[in-house]
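I opened a notebook page for this protein. My plan was to look things up one at a time and write down what I found.

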Amino acid sequence: MYDSRDFGAMPILADALQDAGCDNHDILSHCRDPKGVHVRGCWVVDLVLVKS
């Protein structure tokens with residue numbers, strides 16, 4: 001997602017994070033928001049990739 005800038009898989013990322021034990025409502029709802037605008041630098045993707 002990060003390199004291609006195609007963030008269509010954000011809901012899948014939310015599922016994977018939840019399966020891994022993430023229960024943070026802000027993170028999961030951000031990923032699953034169908035009206036959300038995601039760009040390179042998205043705080044959730046940066047958090048997962050440990051980017052600052």
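The entries below go from confidence to helices, then to the core and a few single residues.

**Entry 1: confidence.** I noted before anything else that this is a predicted model. I looked up the mean pLDDT of the protein, and it is 89. I also wrote down that 98% of the residues reach 70 or more. Then I asked where confidence is lowest and where it is highest. It is lowest in helix 3, residues 43-49, with a mean of 88. It is highest in helix 1, at 96.

**Entry 2: helix 1 and helix 2.** I learned that two packed helices are described by the angle between their axes and the distance between the axes. I looked up both values for helix 1 and helix 2, the latter being residues 25-32. The angle is about 150°, and the axes are 7 Å apart. Angles over 145 degrees count as roughly antiparallel, so helix 1 is roughly antiparallel to helix 2.

Next I asked which residues of the two helices meet. From helix 1 I listed Met 10, Pro 11, Leu 13, Ala 14, Asp 15, Leu 17 and Gln 18. From helix 2 I listed Ile 27, Leu 28, His 30, Cys 31 and Arg 32. Sorted by class, this contact has eight nonpolar, two polar and two charged residues.

**Entry 3: the core.** I looked up the largest nonpolar core and found that it has 13 residues. Those with the most contacts inside it are Met 10, Leu 13, Leu 17, Cys 31, Val 44 and Val 45. Helix 1, helix 2 and helix 3 each supply at least two residues of this core. Which helix gives the largest share? I found that helix 1 does, with four residues.

I picked Leu 13 for a further check. Leaving aside neighbours within four places in sequence, Leu 13 is in contact with Met 1, Cys 31, Val 44 and Val 45.

**Entry 4: Asp 46.** I found Asp 46 in helix 3. Is Asp 46 buried or exposed? Its relative accessible area is 13%. Buried means under 20%, so Asp 46 counts as buried. Not counting residues up to four places away in sequence, Asp 46 touches Tyr 2, Gly 41 and Lys 51.

**Entry 5: Arg 5 and Arg 40.** I found Arg 5 in the segment before helix 1, which spans 10-19. Arg 5 has 54% relative accessibility and therefore counts as exposed. I also noted that Arg 5 has a positive phi of about 60°, although it is not a glycine. Between the C-alpha atoms of Arg 5 and Cys 31 I read 15 Å, with their places 26 residues apart in sequence.

Arg 40 lies in the loop between helix 2 and helix 3. With 38% relative accessibility, Arg 40 counts as partly exposed. Setting aside neighbours within four places in sequence, I listed Tyr 2, Asp 3, Arg 5 and Phe 7 as the contacts of Arg 40. The C-alpha atoms of Arg 40 and Ile 27 are separated by 16 Å, and the two are 13 residues apart along the chain.

**Entry 6: Gly 8.** My last residue was Gly 8, which is in the segment before helix 1. Gly 8 is exposed, with a relative accessible area of 59%. Gly 8 and Pro 34 are 26 residues apart in sequence, and their C-alpha atoms are 9.5 Å apart.

Conventions:
Residues are numbered from 1 along each chain as its sequence is written. This is a predicted model: local features need pLDDT of at least 70, side-chain atom pairs count only at pLDDT 80 or more; totals for chains, interfaces and linings use all residues. Side-chain values use heavy atoms; hydrogens and water are left out. Buried means under 20% relative accessible area, exposed over 50%, partly exposed in between (1.4 Å probe, protein chains only). Axes are lines fitted to C-alpha atoms, for helices over the stretch in contact, and angles run from 0 to 180 degrees between N-to-C directions. Angles under 35 degrees count as roughly parallel, over 145 as roughly antiparallel, 65 to 115 as roughly perpendicular and the rest as oblique. Contact means heavy atoms within 4.5 Å. Ala, Val, Leu, Ile, Met, Phe, Trp, Tyr, Cys and Pro count as nonpolar, Asp, Glu, Lys and Arg as charged, and the others, Gly among them, as polar. pLDDT is the predictor's confidence in each residue, from 0 to 100. A nonpolar core is a set of buried Ala, Val, Leu, Ile, Met, Phe, Trp, Tyr and Cys residues joined through side-chain atoms within 4.5 Å.
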